[in-house]
Amino acid sequence: MKFAIQWLRSAVFTVQMYLMMLLMGILFAPWAAVSRKGARMACKSYARWVLWTATWMVGIRSEVRGEVPQGEVIVAAKHQSFLDILIIFNALPSARFIMKRELMWTPVIGVYAKRLGCVPVNRGKRGAAITKMVRDVAAENREPGQLVIYPQGTRVAPGAQKPYKIGTAVLYEGLNQPCVPVATNVGVFWPRTGIYRKPGLAVVEFLEPIQPGVERADFMTRLEHEVERRSDALMAAAGFEGPHELSQQH
């Protein structure tokens, strides 16, 4: 019975979340059309709405730990669900994302992503995509901000293994900026697929920056070690017992 009630609450939460995305997208459209600041305010307002409604509708509280970067940096984050995107975007003063090209053509998300200067990537072309990504980032690098990239290239469920892609290192070398690793446990409460949301404390933690100049192989090893180690610790603290736990929620 308790599970059924939580599932129903999760369904209502999910519906209102997408309805509000459409509503806010329309309301902020005139401002966003003429100002990147307007587009950013729209997205931050939406993120705060979702984080607020998540607390009382499905019992998911959110917390940001570590020193939030303020200047021009690369933010290399663990990606488990839509929730970590919202928490990171709300925390950073001026974030833009490396995102798969298909999302740029979706209603609302695509329009606002373009206004924010997000950089699309064609994941199917590998080497060519990496080269184009660095070129596009340089072209968009007209104002200070934080460039968010997901080193594994996609959402990864808690307990699942997926390799870290070299694109993050290429970007790190090409921009010559510090890279801030980010760990999270959000997938324990808000899975990458499905409707069910589990109550608890979702954490995004900014870790110690990796300064420019680290050799590529060492950079990738350090990035993966730090993000995975800390993410595992956050998930364990949240009571995550393994992939079987998530399968029981569906």
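Which helix is Gln16 found in? Let's work that out and a few more, keeping in mind that this is a predicted model.

**Exercise 1. Place Gln16, then decide whether Gln16 is buried or exposed.**

Step 1: Gln16 is found in helix H1.
Step 2: The relative accessible area of Gln16 comes out at 15%.
Step 3: Buried means under 20%, so Gln16 counts as buried.
Step 4: Now look for company. Leaving out residues up to four places away in sequence, Gln16 touches Trp49, Thr53 and Met57.

**Exercise 2. Do the same for Phe3, then find the surface patch that Phe3 belongs to.**

Step 1: Phe3 also lies in helix H1, which spans residues 2–27.
Step 2: Its relative accessible area is 39%. Partly exposed is the range between the buried cut-off of 20% and the exposed cut-off of 50%, so Phe3 is partly exposed.
Step 3: On the surface, Phe3 joins Trp7, Leu8, Val12 and Ile195 in a nonpolar patch. Together they offer about 450 Å² of accessible area.

**Exercise 3. Work out which strands pair with E5, and what happens on the two faces of E5.**

Step 1: E5 runs over residues 146–149.
Step 2: Strand E2 (residues 73–77) pairs with E5 in the parallel sense, over four bridges. Here Ala76 stands opposite Ile149.
Step 3: Strand E3 (residues 95–100) pairs with E5 too, again in the parallel sense, over three bridges. In this case Phe97 has Val148 as its bridge partner in E5.
Step 4: Check the faces. Gln146 and Val148 sit on one side, Leu147 and Ile149 on the other, and all are buried. Both faces of E5 are covered, then.

How values were computed:
Residues are numbered from 1 along each chain as its sequence is written. This is a predicted model: local features need pLDDT of at least 70, side-chain atom pairs count only at pLDDT 80 or more; totals for chains, interfaces and linings use all residues. Side-chain values use heavy atoms; hydrogens and water are left out. Patches are made of residues with over 30% relative accessible area and no salt bridge: like charges are joined within 9 Å, nonpolar side chains (Val, Leu, Ile, Met, Phe, Trp, Tyr) within 5 Å. Accessible areas come from the Shrake-Rupley method with a 1.4 Å probe; for residues, only the protein chains shown count as cover. A salt bridge is a side-chain nitrogen of Lys or Arg within 4 Å of a carboxyl oxygen of Asp or Glu. Buried means under 20% relative accessible area, exposed over 50%, partly exposed in between (1.4 Å probe, protein chains only). Two strands pair if DSSP finds at least two bridges between them. Contact means heavy atoms within 4.5 Å.
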